Structure formats: structure tokens, C-alpha cells
Amino acid sequence: MTEKDLESVLKETRQFPPKPEFVAQARLNPDRLAGLYRTAERDHAGFWAQLAHTEVSWHRPFSQALDESRAPNYRWFADGTLNVAYNCLDRHLPARGEKIALIGEGEKGDVRTFTYKQLHAEISKLANGLRSLGLQPGDRVVIYMPMIPEAAMAMLACARLGLTHSVVFGGFSAQSLKDRIEDAGARVLITADGGTRAGQGVELKKVADEALERGCQTVEKVVVYRRTGQRIGWQDGRDLWWHELLAAQAPDCPPVWVEAEHPLFLLYTSGSTGKPKGIQHSSGGYLLNAIVTTQWVFDIRDDDVYWCTADVGWVTGHTYVVYGLLGNGATVLMYEGAPTQPDAGRFWKICQNHGVTIFYTAPTAIRALMKMGEDFPNRHDLSKLRLLGTVGEPINPEAWMWYHRVIGKENLPIVDTWWQTETGAIMIAPVPGATPTKPGSCTRPLPGIAADIVDGAGRPVRDAGAGGHLVITKPWPAMLRTLWGDNERYISTYWTPFKNRYYVAGDTAHRDADGYYWILGRSDDVLKVSGHRLGTMEVESALVSHPRVAEAAVVGRPHEIKGESIFAFVVCRDARPQGAEAENLVGELRAHVAQELGAIAKPDDIRFAEGLPKTRSGKIMRRLLRAIARGEPITQDVSTLENPAIVTQLQEKN
Ligand code: PRX
């Protein structure tokens, strides 16, 4: 969010109450919502237990909702057993067997649909195939797939067998994939020959082969879905075609009942060190939270066609493409491709062609499409849409208003949903039939979610408009359970900062006089670039791994479309490059970062200097670098720097 946006957010006074027509049909109207708040307030654990009984199908019911004995490793519904895939498939078969579960549209326009019955059969075959490879409950499977129905099938086949999946976004590099496979200790990798993005081939199998060549000793088998038919490398004995593995399998596979705390998935995300963290989610609590938030925030109904543009490689794709939606027996669309293929009307054309009723995307996509003009949306029939949503980063009021006016025709609720990979499900968001919205605010915490804003000492900030750290003060069912293999880091990252009293989100926020939350951004060294989460340290270590780089410091800089872009200050081992040499090295370093991490991590700006601004104790003054990257005047005291003269050099273009 830029300073300008921030200022306008702070002055934002517009309010949009829910339309009576929407309230009349909504799952939650103001009265029902108030009732939920009251129940949750009276008995936090009992509130969730009640929902867990009605919304989740248990194999063995639980006897205790919340177990705090190992806090902050909270446990929910711990002695209950269930199967997540059973909840997403089997239990819908009697009433919804012929209902469409998944619609997959490729970038080239190819469309495939799967009813619940078909999906159940495919997933059962895949699960039987995976079992034939000797996988046991608790084994990890890494999924590196394009955004196609088979990615969801792979996740659900794992869930059916009690295997813990870890999806790696298809845009990540071989090195990033290898790091994640190794940290998870995966026995099987599920991938595809390739995919398509913005008219270009994505070489998934090739990257996977590279990752496996570099290590990944635990991987025994690679299951390859044939998506493009492109030529790929093959290792006999290790590589198996998906279709061959499934060919001989029965279309039914008894679900493996697991305990509620059984890890459903790991999802790696960036923090403030160079090493991504494996966020570990549970089965029972996660599923419950996913299901109820889908009802509350998306007001899901049986006749909806729901589309979330997020990739399954991110948490949004887990909770609000797969588990929350299929858990509710909904119809979900998946699109593999770019928003601008063949032109900037693609999203709206998809909405029109499939009669999409609920559309959920990231502010960065809205800003990019806003820039392309109103003609594209206006050329398409968007009349089936009834609810719009955003996620992943703060939305500036200008983009919110465009979304409201041009896509929503001033008629549709917009749900701005705040949550994180760690929270598993939406935490702060409007309930569309009950909450008046304000452009730029994610409004109020949902029922059963206890949020607060505290100062550096952990004292609640009570003054309206005063900023502080966003914290969650009570455990919730979908919370992360730990960091895979590193419980100490789990505790020190999320709990130690406020002496185990609160979960610390890592965001700063303020709350207005109506109790509405306004997220200002991250308070740690995490960037949100086009809604993607990246650690500055990860980009720095990628840069430093280049032979010419001695030192690097990375900061975020406001960007009109991406929200934030990456600005890197680099010190070379040899002389500071200038002119054409600098230009060449910039290109080389950008390519190097893409190779190390993935294209999403490429710095937009790289500036060379002979040194970085450091205090006498050797600490890099990041605040100063941020000001320089933004081209702002320097207001910091630079006299404490070890090398004050460097500031002028850092301000100069290469
Ligand atoms: O900074 C917040 C921002 O995204 C971070 C979480 O990123 P990630 O784990 O990748 O999950 C993104 C999808 C859930 C948060 O700490 N963020 C997410 N949603 C919003 C947001 N910032 C402002 N408004 C939001 N609605």
C-alpha cells in the first residue's frame, strides 16, 4: 500500500450497507450473525464444538473440543476421527452425485467437468494407485502441478489415505522445489509433464527432474500427469504415468480414518529468515473452519458457481478452491492460465461463459485489470455474479471502488478477507448479508475469532485509529499446529513476542471507532509482491549465491499494480559496475534469482553500491534503504552510520 493509499484509507468514510435483496436470501442476516457472536462470546470452545458436530462428519465423535494442555500447541477435537476426503466427496454422493464439483478451463479454452460421482471415482482410483506404491498414513507427498482439476484430485487422494500433502506452486524453481521436498521428506512427487501460462509452456517435469538430480533422496516414485503431451525426460523405475497407474485401479477406495490432529498438509511459506517454514495444518479443525467460513463469508448455496483465481500452490487454493468448497458440496471452477490471455477480458469471459456467481481474487489482479479499462468487463455479461471477494494484501480504496462499480455494478457485496497461510481460514471479513463494508477495510473478526491490536509491550490499543500489532487472543480450529520439524521456531515466531499470550500475525493494523480493522502491512521482513509472500532474506540469499555478489539488502517499494515490488541494493565482490556493465549484471542477477527461487521473486530494481548503510554494530539500516528505494527524502539520522558517505551513492542510479 502506498503512502497515498494509506492516507486515503485513513480518511475513508464511505460505507456500503448490504442490499436488502441480498440480506433477504443470505445464510446469515444481522440477527443470525449477532446470535453467533453471542454464543461464541459465552463459550468459545463450545461454540466451535457445536459447529463441529453439525458441519463435519465424524467417524468417531470427539469428546473434548479444545485441549490446551500443550499450549501453544493447541489441539482441537483430538480424540475424534474423520476423513477429509470423505467429507468433501462421499457424504455428498446421495444428494449431489450428479452435481458438478469441478470445472476446469485451460488457457486454450478447453473445458472439462467432473460431477461429485466422477470426482469420487477418479480420486479413489488415484488413492488406490498411491497405496499400491506402498505409501502409509503420515507419509508426505509433494504435489507440483498446474492449476487443473488433477491438482485437487491429488490433494484429495492423499487426504483419503491419510497422506500429508505439500503442494509447491508451479512457478517455483528447481531449487525451491528441492528444498521443500527435502524438508518434508516426501516419498512421492506428483507432477505433470507441463502446463500453460500466458501462452508459454511451463516445464514442470523438467524442473522436477532438476530438483531430483540435486538431491531429494527420499523420493521413490514420481507420478506424472500428461497435460500437454510435450517431450519429457523419463527415469524407468522411478517415473510412472498417472493414467497407467490408475488404469487397473478400482473406482472405490475405503477412506482411512485419521485423528482430528493428523496433519492434512504442510504448506511452505516465507518468514523473516532465508528458510521457508513448513506450516503444518490439522485435519478436523482445519476442515471445520474451512467449511464454516465458506458459508459465512461466501454465503455459499447449492446453485452457486464459485471461482477463486488463486493457484492451489497457495493457501487460498487449499481452503477456498478445494477444502472449504468441496466440503460444502459446491461447484468450483479452476482456470489454468493468465488473466490476459488472449486479452484482458479473459476473467470476465469465463464468468460469463460459466455463469460464475461468486468471484474471489487478489487486489493485484483487480488493479492490473482496472488499468486495461472498462471495455473488457463491459463487453461481457456479468449478471450472474452475486458476490465479490478479495484476499492476499490490502486493497486500496480506488481499486475497491472500481471493483464495486465496474464489476459489481454498484450492487454486489465485496468481501475483503484477511487471513494467512498460518490461520488456515478467513479470520477478519465482512459477512455479506450483515456487515456494511468500507473500501479498504476487512471489517470485523468473524464469530469465534478473537482478534486485537496491541502495542509493542503487548498492551491492547484502545484508541480508535491508533495502530499496533495484530494479534489473535484465543486459539481457533484451523490455526497452524506447528512448523514441520521445528516446533521451537513455531513458538519463537508466533508466541514468544508476547510471552505466549497471543498469536502474533506479523501485520500492523488499526481499528476505527466502529471496531473495523484496517490492515496496514507486514511488520516483519516479509513482502507481498502481487499478493505472493516472499521473505527479503530469501531474495538476499539468492542474490548472494551469485559469484559476483558480496552482499545484498532487499526492501519493498510501493508498486501501482503489484502492491509492492522488490528493490535490491547489491555490493559486488569486484568494482561497482556502472553503465552498460551494470545493466548487463542487472539482467544476469534477475535471471539468477528466477533460477534460484522462481520468476515471482525477480527484483524490479537492482542498484549497485560499494557498501550498505550499517550502524557501528554492523546492522543494516533497512528503514533508510526503504526511504531511498521509494525516492523519499532522508529523515533518519545518518550520523550513527559506520559509513555515512554511502548514502549519496545509494541514491544514485546505476
Ligand atoms: O499481510 C497480510 C496479507 O497477507 C499476509 C498473509 O499472506 P499469505 O500467508 O500468503 O496468505 C495470503 C492469503 C490468505 C497477511 O499477513 N493479507 C492477506 N489478506 C489480506 C492481507 N492484507 C490486507 N488485507 C487482506 N484482506
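A polar contact is a pair of N or O atoms within 3.5 Å. Keep that cut-off in mind for the exercises below, which use a predicted model.

**Exercise 1. Decide which of the distances from Thr417, Pro394 and Asp507 to the ligand fit the cut-off.**

Step 1: Start with the backbone. An N or O atom in the backbone of Thr417 is 2.8 Å from a ligand nitrogen atom. For Pro394, a backbone N or O atom lies 3.4 Å from a nitrogen atom of the ligand.

Step 2: Turn to the side chain of Asp507, where an N or O atom is 2.7 Å from an oxygen atom of the ligand.

Step 3: Compare with 3.5 Å: 2.8 Å for Thr417 fits, 3.4 Å for Pro394 fits, and 2.7 Å for Asp507 fits.

Step 4: Look at the cover. Alone, the ligand has 540 Å² of accessible area, and the protein covers 96% of it.

**Exercise 2. Describe the shell around the ligand.**

Step 1: Count the residues: 17 surround the ligand, and Asp507 is among the closest.

Step 2: Sort them by class, which gives 6 nonpolar, 5 polar and 6 charged residues.

Step 3: Find the elements. At least two shell residues come from each of helix H13 (315-326), strand S20 (414-417) and strand S25 (517-522).

**Exercise 3. Trace the open sheet and find its edge strands.**

Step 1: Read the order of its 8 strands, S12-S11-S8-S6-S7-S14-S15-S23; the pairing is mixed.

Step 2: Pick the strands that pair on one side only: S12 (239-241) and S23 (482-483) are the edges.

Step 3: Zoom in on S6 and S8, which run parallel and are joined by 4 bridges. Here Ile143 has Ile190 in S8 as its bridge partner.

Notes. Residues are numbered from 1 along each chain as its sequence is written. This is a predicted model: local features need pLDDT of at least 70, side-chain atom pairs count only at pLDDT 80 or more; totals for chains, interfaces and linings use all residues. Side-chain values use heavy atoms; hydrogens and water are left out. A residue is near a molecule or strand if one of its heavy atoms lies within 4 Å of it. A polar contact is a pair of N or O atoms within 3.5 Å; within protein, one must be able to donate a hydrogen and the other to accept it, and residues adjacent in sequence count only if both atoms are side-chain atoms. Accessible areas come from the Shrake-Rupley method with a 1.4 Å probe; for residues, only the protein chains shown count as cover. Ala, Val, Leu, Ile, Met, Phe, Trp, Tyr, Cys and Pro count as nonpolar, Asp, Glu, Lys and Arg as charged, and the others, Gly among them, as polar. Two strands pair if DSSP finds at least two bridges between them.
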